[in-house]
Protein chains: 2
Amino acid sequence: MKNYSRQREAIAHALQNTTEHPTASAVYETVRETIPNISLGTVYRNLAALAEEGMIKQLSVGDSSDRFDGDISPHSHFYCEKCGKVSDVSYVADGVYPDLEKDYGFKVKASSLVLCGVCKDCNKD
Amino acid sequence: MKNYSRQREAIAHALQNTTEHPTASAVYETVRETIPNISLGTVYRNLAALAEEGMIKQLSVGDSSDRFDGDISPHSHFYCEKCGKVSDVSYVADGVYPDLEKDYGFKVKASSLVLCGVCKDCNKD
DNA sequence: TTAATAATAGTAACTATTACTGATTTTGAA
DNA sequence: TTCAAAATCAGTAATAGTTACTATTATTAA
């Protein structure tokens, strides 16, 4: 484990101690409780760095701001378009949500599976 | 079919005539070829309206701007983190990309399945 | 100890998107 | 048709999330 700054440790810690999927500003507010003068820029920079090295996951759910997830084990997400809350769900085949309504009480209206990587053309070099 | 403005028709038409997944500004540039003085605000407003009524699909792939898709049939997307291009792929179970590399030449590094709807608590009213 | 390196706080800048405003177009009933 | 009400537009201003910059502070390693 590398030597992290106090700020980065606090940010990583904040994500590992919640089951929510906070935005950058929500992380900022949490970390401010222990490091009151931390800068929002520092939060963004460290979130990006942690995501880059695979310690956390960055998540676009469709609303204005990205979410961050300290749980990097494979799972999917449910986004409530009313309250904005993001919940974990186990992997499901896209387009088929067998028992989501029964298991979680979710009413699923849409789904979006995005794979990310490098395409054929860009893979040449 | 409702009565659309010339601008909205041109926007919908632009999306139906491409297999790419343009951003709002890309749609703006395309539509400007036929309606040179169309406003970017008009493009945003009509894209939102078309998405609202289910004529098109809005798509967050993780980079700065949203994409729009005139193809509303069920399918998933591949986002190339190098060139930014978005490609269609058939539905696959999240976390399992059987022959994507073989079929498309994609090197898949990450995946994100987001379901959208209304959660248990919000469904009460 | 001290010079080099890295990270920070605070702030300014940027960009995608939304809101606003007054003008123009469309609608629909008289 | 005609005219008032409603909708949509172009153009611009404002907002919000995020990134870049700068001078300062902390860390590293010789």
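How many helices and how many strands are there in chain A? Select chain A, colour by secondary structure and count along: there are four helices and five strands. Keep in mind that you are looking at a predicted model.

**Stop 1: chain A from end to end**

Start at the N terminus of chain A and follow the ribbon. The elements come in the order α-α-α-β-β-β-β-α-β. Now turn the chain around in your viewer: the C-alpha trace of chain A spans about 45 × 45 × 25 Å along its principal axes.

**Stop 2: two helices that cross**

Next, select residues 24–32 of chain A, which are helix α2, and residues 40–52 of chain A, which are helix α3. Two packed helices are described by the angle between their axes and the distance between those axes. Here the axes of α2(A) and α3(A) come within 9 Å and cross at roughly 115 degrees. The crossing of α2(A) past α3(A) is right-handed.

Which residues make the contact between α2(A) and α3(A)? Show the side chains of Ala24(A), Ser25(A), Val27(A) and Tyr28(A) on α2(A), then Leu40(A), Val43(A), Tyr44(A) and Leu47(A) on α3(A). Sorted by character, the residues of this contact are seven nonpolar, one polar and no charged.

**Stop 3: a salt bridge**

Select Glu53(A) and Arg8(A). These two form a salt bridge, and their closest N and O atoms are 3.2 Å apart. Glu53(A) sits in the loop between α3 and β1 of chain A, while Arg8(A) belongs to helix α1 (residues 6–16) of chain A, so the pair ties together parts that are 45 residues apart in sequence. Over all chains, the count of salt bridges comes to 11.

**Stop 4: a hairpin in chain B**

Move over to chain B and select residues 76–80, strand β3. Strand β3(B) runs antiparallel to β4(B), and four bridges join them. To see one such pair, pick Phe78(B), whose bridge partner in β4(B) is Ser87(B). The two strands β3(B) and β4(B) form a hairpin with five residues between them. In the turn, click on Gly84(B), which has a positive phi of about 80 degrees.

**Stop 5: a sheet built from two chains**

Now show both chains together. In which order do the six strands of the open sheet stand? Reading across, you meet β4(A)-β3(A)-β5(B)-β5(A)-β3(B)-β4(B), with mixed pairing. The edges are β4 (86–89) of chain A and β4 (86–89) of chain B; each has a single partner strand, so one side of each is left without a neighbour in the sheet. On average, neighbouring strands of this sheet are turned by 30 degrees against each other, direction ignored.

Zoom in on residues 107–118 of chain A and of chain B, which are the two β5 strands. They run antiparallel and are joined by 11 bridges. Along this pairing, Lys107(A) stands opposite Val118(B), and Val108(A) has Gly117(B) as its bridge partner.

Then look at β5(A) beside β3(B): this pair is parallel, over four bridges. Leu115(A) stands opposite Phe78(B) here, and Phe78(B) is the residue you saw paired with Ser87(B) in the hairpin.

**Stop 6: how the chains are related**

Finally, zoom out and compare the two copies. A rotation of 180 degrees with 0.0 Å of shift along its axis superposes chain B on chain A, with an RMSD of 0.0 Å. That is the relation of a two-fold axis. Of the interface residues of chain B, 100% are also interface residues in chain A, so the copies meet through the same surface.

Note on methods. Residues numbered from 1 in each chain as written. Chains lettered and ligands numbered in written order. Predicted model: local features only at pLDDT ≥ 70, side-chain atom pairs only at ≥ 80, totals over all residues. Heavy atoms only, no water. Pairing = 2+ DSSP bridges. Axes fitted to C-alpha atoms, helices over the stretch in contact; angles between N-to-C directions. Least-squares fit on C-alpha atoms with pLDDT ≥ 70 in both. Contact = heavy atoms within 4.5 Å. Left-handed = near helix turned anticlockwise from the far one by under 90°. Nonpolar A, V, L, I, M, F, W, Y, C, P; charged D, E, K, R; others polar. Salt bridge = Lys/Arg side-chain N within 4 Å of Asp/Glu carboxyl O.
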